[in-house]
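Here are some short exercises to work through with the model open beside you. Try each task before reading its solution.

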Amino acid sequence: MDLTTEYLGLKLKSPIVVSATPLSESIDNLRRMEAAGAAAVVLTSLFEEQIVLESGALDSDLSRGTESYFESLSYLPAFDDHYSSQDAYLRHLRNAKSSVGIPIIASLNGASPGGWTHFAELLEDAGADALELNTYSLATDPNRTSAEVEQGLVDLVGQVKRSVRIPVAVKLSPQFTSVPHLVRQLETVGADGLVLFNRFYQPDFDIENLDVIPRIAFSTPEELLLRLHWVAILYGNCHCDLAITGGVHSAEGVLKSIMAGAQIAMMTSALHLHGIEHLATVRADLVRWMEEHEYASIRQMRGSLSRRAVPDTSPFDRGNYIKTLSSYTLRKTAAHL
Ligand SMILES: Cc1cc2nc3c(=O)[nH]c(=O)nc-3n(C[C@H](O)[C@H](O)[C@H](O)COP(=O)(O)O)c2cc1C
């Protein structure tokens, strides 16, 4: 059984990868991930704001100019329970590299180009096998057009790509009008991979205390469908490697991701819910399913349910919308008459 796959030029022993989670902030956990079959691990992100504050790069970033950026810095949490400093991040990365044999992907989380992106070089020097750039940002300024938001993102990726030689994957939000067009632009500045998608963390409202409360909830397998849809559309239409993050909880999720066209399927929530050793269960189930269905390799099934591969593409297009809505109406009508 050949479970190997290639992602960002890295030869991976399977498509099962751990996405950015605080679980990987412990070397002991990294060892457990490797032992349980993780093919690679993405470390938690170091944030643009953290780097800017710590390195005094604020002055050189004045070009950013917006009041809100500086305002937002004053609302940042103390990073004590995260990596407390850039040095700590680099130390952990070096330590991780010398403690496990699987590839370690470092992660930067930022929203705008600026001096802070030079930190990518330090991650490369510390031994990161690749870099994941988490581009989480929210367009709240009514004067900024979608085209400007996208250009900012493309400039950011271009800047990071120019700073390093290691491959760079971009973790994207799903909220773009034309994902395929944006992907094409990211390719022109050298993005090597796409990680689909960031989750959109929405705060809840406390109506008694008139407060807006940040909250994090683990994903459900339902969230995978959005990722499958876009990867299936992108497969064969872009040169970037494709990774799915969001809603992969089982071997079935991994298989669906590969069949959509992804090189790898990433997991975080499932490990928080079921423990790190859940990776071994997923791997064993994956092998069992492939044996039962007479697949010899991951490569063989990749993209087999992509938009390119299926005879009827309507489930991926507007046709799906029409079919879904009209079939529901028919069922409802029949049930209630
Ligand atoms: C507690 C927690 C911390 C996370 N920290 C990061 C992070 O630092 N950087 C990042 O890119 N994603 C981060 N994520 C997002 C995960 O890497 C992943 O993309 C997301 O949870 C969706 O995958 P899942 O459905 O397997 O959980 C975090 C998720 C959780 C639950």
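**Exercise 1. Find which residue of β4 stands opposite V18, then place the pair in its sheet.**

Step 1. V18 stands opposite V41 in β4. Strands here are DSSP runs of E with at least two residues, and helices are runs of H or I with at least four, both numbered from the N terminus.

Step 2. A word on the source: this is a predicted model, where local features need pLDDT of at least 70, side-chain atom pairs count only at pLDDT 80 or more, and totals for chains, interfaces and linings use all residues. Residues are numbered from 1 along each chain as its sequence is written.

Step 3. β3 (residues 16-18) pairs with β4 in the parallel sense, over two bridges; pairing requires that DSSP finds at least two bridges between the strands.

Step 4. Now widen the view: eight strands close into a barrel with parallel pairing, in the order β3-β4-β5-β6-β7-β8-β11-β12.

**Exercise 2. List what V41 is in contact with, leaving aside neighbours within four places in sequence.**

Step 1. Contact means that two C-beta atoms, placed from the backbone, lie within 7 Å.

Step 2. By that test V41 touches V18, S24, L30, M33, I102, I104 and I105.

Step 3. V41, along with L194 and V231, has the most contacts inside the largest nonpolar core, which has 85 residues. Such a core is a set of buried Ala, Val, Leu, Ile, Met, Phe, Trp, Tyr and Cys residues joined through C-beta atoms within 7 Å.

Step 4. Helix α8 (residues 224-234) gives the most to this core, with seven residues.

**Exercise 3. Work out which residues of α4 are buried and which are exposed on the other side.**

Step 1. Count the other C-beta atoms within 10 Å of a residue's own, placing them from the backbone: 20 or more is buried, 12 or fewer is exposed, and in between is partly exposed.

Step 2. Y89, L90, H92, L93 and A96 come out as buried. They cover an arc of only 160 degrees around the axis, so they sit on the same side of α4; the arc is that of the directions from the helix axis to the C-beta atoms.

Step 3. D87 and S98, on the other side of α4, are exposed.

Step 4. N95 is also found in this helix, and counts as partly exposed because it has 15 C-beta neighbours inside 10 Å.

Step 5. The buried residues of α4 pack against α1 (27-35), β4 (40-47), β5 (104-109) and α5 (119-125).
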